[in-house]
Amino acid sequence: QVQLVQSGGGAVQAGESLRLSCVGSGLSFSSYTMGWFRQALGKERGFVAAIQSGGNTYYADSVKGRFTISRDNAKNTAYLQMNGLKPQDTAVYYCAATQIPGAIRYNYNNWGQGTQVTVSS
């Protein structure tokens with residue numbers, strides 16, 4: 001059974017940084033595309049970033065240049081480094097994993113529990 005356990009998050013001031021972590025178990029982690037998504041209050045969950053098994057990375061336009069996705073396959077862990085946080089980044093953040101070919105922004109079938117990120121001005 002695939003499990004994704006998230007850590008990190010919290011409340012920060014605008015301009016500060018946070019790092020989210022996502023540890024996977026029950027899967028061949030290195031072969032999965034890992035993604036991060038977020039859902040703000042009253043909005044649909046949306047794509048933030050993804051990293052493929054080969055290391056290619058993809059970002060939503062709203063976070064390019066500020067967020068960095070990475071992975072450590074030896075630790076079965078994906079990270080989302082968030083710098084220059086803005087109030088509009090406030091949301092519940094979810095990590096996700098998929099082996100569906102070509103999946104970048106959609107088609108994830110394994111999800112973490114979510115973690116709150118709150119950015120105040």
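**Exercise 1. How many positive and how many negative side chains does the chain have, and how far apart do the centres of the two sets lie?**

*Solution.* The structure under study is a predicted model.
Step 1: Lys and Arg are counted as positive, and Asp and Glu as negative.
Step 2: Counting in this way gives 10 positive and 5 negative side chains.
Step 3: The centres of these two sets lie 3 Å apart.

**Exercise 2. Describe the secondary structure of the chain, and decide how its compactness relates to that of a globular protein of its length.**

*Solution.*
Step 1: The chain contains 11 strands and 0 helices.
Step 2: Along the sequence, the pattern is therefore written β-β-β-β-β-β-β-β-β-β-β.
Step 3: For 121 residues the globule rule gives 14 Å, and the radius of gyration of the chain, 13 Å, is close to this value, so the chain is as compact as a globular protein of that length.
Step 4: The C-alpha trace spans about 40 × 25 × 25 Å along its principal axes.

**Exercise 3. Characterise the burial, the contacts and the exposed surface of the chain.**

*Solution.*
Step 1: A residue counts as buried if its relative accessible area is under 20%; 43% of the 121 residues meet this condition.
Step 2: Consider the contacts with a separation of 6 or more: 57% of them are accounted for by residues 24 or more positions apart.
Step 3: The chain exposes about 6,100 Å², of which carbon and sulfur atoms supply 45%.

**Exercise 4. Analyse the aromatic pairs in which Phe37 takes part, and identify the cluster to which Phe37 belongs.**

*Solution.*
Step 1: The structure holds 4 aromatic pairs. One of them joins Phe37 and Phe47, with 5.8 Å from centre to centre and 75 degrees between the planes. Planes over 60 degrees apart count as edge-to-face, and the pair of Phe37 and Phe47 is of this kind.
Step 2: Phe37 lies in strand S4 (residues 33–39) and Phe47 in strand S5 (residues 46–51), so this pair ties together parts that are 10 residues apart in sequence.
Step 3: Phe37 has a relative accessible area of 5% and is buried; Phe47, at 15%, is also buried.
Step 4: Phe37 forms a further edge-to-face pair with Tyr108, at 5.0 Å centre to centre and 75 degrees between the planes. Tyr108 lies in the loop between strand S9 (91–98) and strand S10 (110–111), so its pair with Phe37 in strand S4 ties together parts that are 71 residues apart in sequence.
Step 5: Tyr108 is buried, as is Phe37.
Step 6: Phe37, Phe47, Tyr108 and Trp111 together make up one aromatic cluster.

Conventions. Residues are numbered from 1 along each chain as its sequence is written. This is a predicted model: local features need pLDDT of at least 70, side-chain atom pairs count only at pLDDT 80 or more; totals for chains, interfaces and linings use all residues. Side-chain values use heavy atoms; hydrogens and water are left out. Helices (H or I, at least four residues) and strands (E, at least two) are DSSP runs, numbered from the N terminus. The radius of gyration is taken over C-alpha atoms; the globule rule is 2.2 Å times the number of residues to the power 0.38. Buried means under 20% relative accessible area, exposed over 50%, partly exposed in between (1.4 Å probe, protein chains only). Contact means heavy atoms within 4.5 Å. Accessible areas come from the Shrake-Rupley method with a 1.4 Å probe; for residues, only the protein chains shown count as cover. The place of a charge is taken as NZ of Lys, CZ of Arg, CG of Asp or CD of Glu. Rings of Phe, Tyr and Trp (its six-membered ring) pair if their centres lie within 6.5 Å; planes under 30 degrees apart count as stacked, over 60 as edge-to-face and the rest as tilted.
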